[in-house]
Every structure is written in structure tokens, then in C-alpha cells.
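Here is a short report for a reader meeting this structure for the first time. It goes from an annotated region to the interior and then to the surface.

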Amino acid sequence: MRLLKVATCNLNQWAMDFDCNLKHIKESITRAKEAGAVIRLGPELEITGYGCEDHFLELDTVNHAWECLKEILLCDLTDNILCSIGMPIIKGSERYNCQVFCFNRKIIMVRPKMWLENDGNYRELRWFTTWKQKDQLVEFQLPLEISQALSQTSVPFGYGYIQFLDTAVAAEICEELFVPNPPHSELALNGVEVFLNASGSHHQLRKLDLRLRAFIGATHTRGGVYMYSNHQGCDGSRLYYDGCSCVVVNGEVVAQGSQFSLKDVEVVVAQVDLDAVASLRGSISSFQEQASCKTKVSSVAVPYNICQPFNLKMLLSSPQKIMYHSPEEEIAFGPGCWLWDYLRRSGASGFLLPLSGGADSSSVAAIVGCMCQLVVKEIAKGDEQVKADAIRIGNYTDGKFPIDSKEFAQRVFYTVYMGSENSSEATKMRAKVLADEIGSWHLDVSIDGVVSWGYISSLLSLFQTLTGKRPRYKVDGGSNVENLGLQNIQARIRMVLAFMLASLLPWVHNKKGFYLVLGSSNVDEALRGYLTKYDCSAADINPIGSISKQDLRTFLRWAANHLGYSSLAEIEAAPPTAELEPIRSNYSQLDEVDMGMTYEELSVYGRLRKIFRCGPVSMFKNLCYKWGATLTPSEVADKVKHFFKYYSINRHKMTVLTPSYHAESYSPEDNRFDLRQFLYNARWPYQFRKVDELVQELNGDKVALVESGNHEKLGATAGVGGVGVVAAAAGDPKAGF
């Protein structure tokens, strides 16, 4: 046996906070050594934080990273332990995303990333260069200050592996695992047994399984120990890095860290037997054959043994069941942890939420309540950092700290029901009951006084003076234009009132700081543009802005039972309404009626538009497959046109969308994820004409089939244009809609 103890970690880093990041790195190495590990892996770009973005273009950022690395190497942290540390490095005139291998106070090798992430939320090619010289290691001249401090002039730089006396270790950085020809395939044939993947991977609903299957697949057929390390937390942007550092041996997970946590440092340790890797490889004939004619990869020799012989006191880590959270748990814990990081790092004293009693704002309230529960639980487990942050934010004195989530919520969470004459008594009561269950400091504000006196009255009187006309609601005989204008004024008053309360309520209660205003529009409303620009959806941050209405309703049912907020069940069952129009005995405003489409349909449109990259024509073709049994081609065409019309008319609203937690792969967020113009020809003349031609063609085919009596093929004519993504995904519930 060759026994090897390894450690990987989740680190809650903060972009550009070098003190914070260095502290976490040091703590993780110390814990790894205390556990007896001889290899420690940290996440990608852990010294700087992954989300520095254009700060990577500054020389200061690179220089500070070297200074932090020097501090690590000048003490005993790396004695007898191989540490893989992520940082940016400039070589010549190029900047690289690198893993630096350190051992016994020396740099053994620098491994630059060869395949950069450059889609979705990632723009690594904006800041870094890919390493292209795969055939050799080159010498890298260390910066003078580092060279003098370490008494080391240069180090090997490039694609290669480290050859110890008893095993071989190599890096595979984040995206490199997912390319068509990943490095671990070639490295395994060269005898590498331990793979170190430093990553900066964000949370997305239902994504974890894809990631874990990649680790399992990397070692299932070729053997090996695959170590994965990730960031965990909000490092300063819309993303939440969801940890789940793990160790996989020959296709089986033997150690797994948490996906969601308030901890700043979590170290995951595993004891593995490398002879199990050699045994598996020796039993696979095809592996032996390919290894015999492999392309040689460069290596760096390190004359040390890092394995231990057979010892009954050293227990091997056994395969374990993979821990997956349900989507409802992901919605609770991911945004909850993200909010906590944002709150404690922003200097704010708490949150303020306009709570309408509807599904969206109630979901946000439940997530904040979940955050408070997580804080209290973590303090009870002995986390001193969470305790210190909670004492500071909650303004506790005399040695007191949170022991009850409702009491803590009352200190850090304000909810405000902003009712008007258009609001119902039902939503008012739902908001109050939910606030009581969570423990928030709840205010019931009637904006009718503002509406009838002062602001709106003055505005409408001014408008009437200027134009001679006074707008009316639709139910009172007004036009759609008048109706929308009056609703927008109400909505924007709520935004002004929310920010006023957030800035002044801490002063009223003799608290320091300010409150962050929380938004509560969902991803489907953003996609359709069903929100008022600069209304109370305009907030500081939004924890549900990238979550679908369908997922939120499922979450509400789950939270009613699992978070202890039973009123959420009634809220979920109520039909969604903005309550911006007057209520009449024969009329009540409903979201789906206003939008001209259901939330379920919006999710389908969103996935086709973004995930499957469909324009109007290909969306029409695919929806003919999906909806052809119940809708005619003309009806499908009308729905597609209706969606694209309002999507394009309202696209400009995405440019000012409140920064939202990223959770959904079809988010229309304009900042970095979904980059498109915001001025469209909303008639889509060419595309819609092509759709009309297809409708005529389909109707002609149906007539011909009816006349010929061929009824078996009649249903198939709904899908002219070839098999689309709907047909391809029909057998896989995860691949479709």
C-alpha cells in the first residue's frame, strides 16, 4: 500500500481583499497539516479572489499576489506539504491564470491555465492568455523581490507534472476538465495518479450533478485520485460560489464538503491508497496499450516520498453517498448565504423589503428568514466569525449574541407593506402574518395619502394644466396608455419610499449604518419586461432575480413546511397580481392576464431563447413539436410573436436591472450573462414573415393529408423543418423544459 492523505478546501474569499484572503489560505494550510495531509489544494485565483475582473489588468493586483505568496513561503506553512495556490502571474508581456506549487518553502513549479472560461458569466480571455506551449516546460525568472527572499532565481513554468519518488501529481484547472480533450487523459497515461483541480465555479440550480459526474468520469475508466477545490460565498458580485470541494478515487466520491455554508474556511480531508489506482490501471488492457505509445509530458522531479506504508492506524476513506440538495433547498440556502456575505461585507445594518403579500416578495422574506436561521445555527456550532459579524450587525451589547432567529430577524430585517386603495385586505394580512412568523420589524404603510395628497395629485394636476386631460384607470374608462401611466406612478412612489425608509430607519432606532433595499422581481418577469422601470423592483440587490416563478412557487410550498413559515402555503395558492389597478366586483388584476402568457410558457420561451439559442423561427419550429397536439401552427405562431414583441420592447429594462443572485441558465441579465442589444425592431419583420410562411406551409400540408385520408401523418406535420431541440429532449426531463 501507498497511503496518501490529501486535503482540499472551500474558501470564502473576497475579491481584492488580500488580508482576508491570505488569512483564509493560511488557516486552510494549517488545518490540512494538523490533519496530517501532505497535499493541500486551494481554489482558483485564491490569493486575489476570483471576481477581480478588470482589476486583473492592474499591475498592483499581480504584485500584491506575489507579496502574499512570499509571506506564505517565508514561514513554516509549506514544510512537508505540497500546496497548490492560485494567483495571476505575468510572464514577459502575457498575464496568466496560474497554480503555483509550493513545497518546503520553495516554488516547485508554476502551471498556467491552458483553456480559459469565456462564456456565460466568465470573461477570462479579457484578462488572461492561454498557455499554448504544451511540449515543454520553460524557465520563469522570479520577480527580484521574491527571488531574493526565497534564494531561488527561476522555476519551471508550463504544462507538466511533479514527479515525487513514490507518485506523480498534476494540475487540471477548472474549465480544463470540461474541454473535449482534457489534460487528465494524457497525464494519466504518463503515470500521474493525483489530479488537482482548482476551480472558481458558481452555483446554478440543478448544476452540481453535472460537475460531480465530470470528476467521477475523469477517474472511472482511467483511475486516479481527483481533488477538487472551489470558492464558497459571494466574493463581490452576482455569483455565489458553491463550494462542494471533494475527493474522488477511481470514480467514487470518498470525501465531500458542503455546498452552502457560512463558514469562511472548510477543509476536506481524505486518506487514499494509490495502489488502488495502479491496480485499476493495470487491469484495463486498453489503458496499458495507450500508455505504451503515449505522448510524453514534461515533469519536474522532487526527490521526496510523500506516501506512507501500510498502517492500521491510518484508516482509508470509504466511498460515500453524494450529498445533493433539492432545488427548493438550493433556493433557500444559496441566496441566503449570498445575502449574509453581502450584508456583513457591505457595512449595512440590515435589509428592508417592500413586502406585498405576493409570492415573489414573500419568497425573498423567507430567504432572509432562512439566512437568520443559518446564522443562529452556525453560532450554536461555535463559529466565532459568524458570531462576531452577527453581534456587530445586530448591535448586540453586554456579551449578548443571537440565539433565536426571530429575535435576530427583528434586529436586521424590516418589512414594509405599502398598501393603496387598489390593495386587498387579503394581501395585507398575508404580509403581516408572514412578517410575524419570520420575526421582522413590520410596518404597514398606506400610500393613499401620498397618492391623493401631494405627489401624485400634484403631478396629475400639473399634467392636466399642461395638456387639458386627466388620465383614468382602464376600469374607469381610461385607455391602456392611461392605465399603465397611473400604475407606474404608484410603483415608483413605492421605490422612493423604500429607499427613504432604508436610509432613515436605522437613525430612528439609534443604529449605525443603513439598510439594503431588497428587490423581488423574478427571472420570468424580467424576461417579459413585466415590471416598471425604477419601481420597487429597483433595489440594491435581488436574491430571486434569476429564479423562475415556477421554482419560486415550489420553494414556497417547501418553505411552509421546512422553514416553519406556514402562511407561505396560502400565499403560494393565491393568483399572482400586481394590485396596481382599482378592484371592482367584476374585475381583479392578474399577472398572467396582463402579460398575455402564463409563467409556465415564459419559462419555456426563456429556455429556448437562451439555452437552446432560438430566434423566432427556430422557436416556432420547436414549439410546434411541443405544443402541436393542443395548438394549431397559427396559434403557436401568435404566441411566439407575442413573446418576442414584448421581450424586445422591454429589453431596455435589463440595462438597469437590480443586481441579482445568478441561479438560472436562461437569465436575461444584461451586465455580463446575456449580452444583447436593447434597441430592437420589435416587429421582427423578416423573422415573423418566415414564421408566417411556415404556418402557410403547415396548413397546406394538413389540407393535403386530410384530402388523402392519411390521418396517421397528420400530427407529424406540426414539426416542419427537421427535428428540433424539443424532439431531441423529449425523452430526458432534465434536457427539455
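UniProt, in an unreviewed entry, places the feature "domain: CN hydrolase" at residues 4-274. The model shown is predicted. Over residues 4-274 the chain is 24% helix and 33% strand. The end C-alpha atoms of that stretch are 7 Å apart.

Next, the interior. The largest nonpolar core has 64 residues. Ile47, Trp66, Leu69, Ile89, Ile107 and Phe157 touch the most other members. Helix α2 (residues 59-73) gives the largest share of this core, seven residues. Leu69 touches Ile47, Ile85, Met87, Val100, Cys102 and Ile107, leaving aside residues up to four places away in sequence. Another core, of 59 residues, lies apart from it. Its members include Leu434, Ile541, Trp558 and Tyr565.

Two residues show contrasting settings.

| Residue | Element | Relative accessible area |
|---|---|---|
| Thr219 | helix α6 (residues 208-220) | 0%, buried |
| Leu316 | loop between β16 (299-301) and α9 (327-346) | 38%, partly exposed |

Which residues does Thr219 touch, not counting residues up to four places away in sequence? They are Gly224, Tyr226, Val248, Val249, Asn250, Gly251 and Leu280. Thr219 counts as buried because its relative accessible area is 0%, and the cut-off is under 20%.

Now the surface. Leu316 joins Met1, Phe310 and Leu312 in a nonpolar patch there. Together the four have about 440 Å² of accessible area. In soluble globular proteins, nonpolar side chains tend to be buried together. Leu316, by contrast, is partly exposed.

Notes:
Residues are numbered from 1 along each chain as its sequence is written. This is a predicted model: local features need pLDDT of at least 70, side-chain atom pairs count only at pLDDT 80 or more; totals for chains, interfaces and linings use all residues. Side-chain values use heavy atoms; hydrogens and water are left out. Patches are made of residues with over 30% relative accessible area and no salt bridge: like charges are joined within 9 Å, nonpolar side chains (Val, Leu, Ile, Met, Phe, Trp, Tyr) within 5 Å. Accessible areas come from the Shrake-Rupley method with a 1.4 Å probe; for residues, only the protein chains shown count as cover. A salt bridge is a side-chain nitrogen of Lys or Arg within 4 Å of a carboxyl oxygen of Asp or Glu. Helices (H or I, at least four residues) and strands (E, at least two) are DSSP runs, numbered from the N terminus. Buried means under 20% relative accessible area, exposed over 50%, partly exposed in between (1.4 Å probe, protein chains only). UniProt positions are given in the numbering used here, feature names are shortened, and annotations may be inferred rather than shown by experiment. A nonpolar core is a set of buried Ala, Val, Leu, Ile, Met, Phe, Trp, Tyr and Cys residues joined through side-chain atoms within 4.5 Å. Contact means heavy atoms within 4.5 Å.
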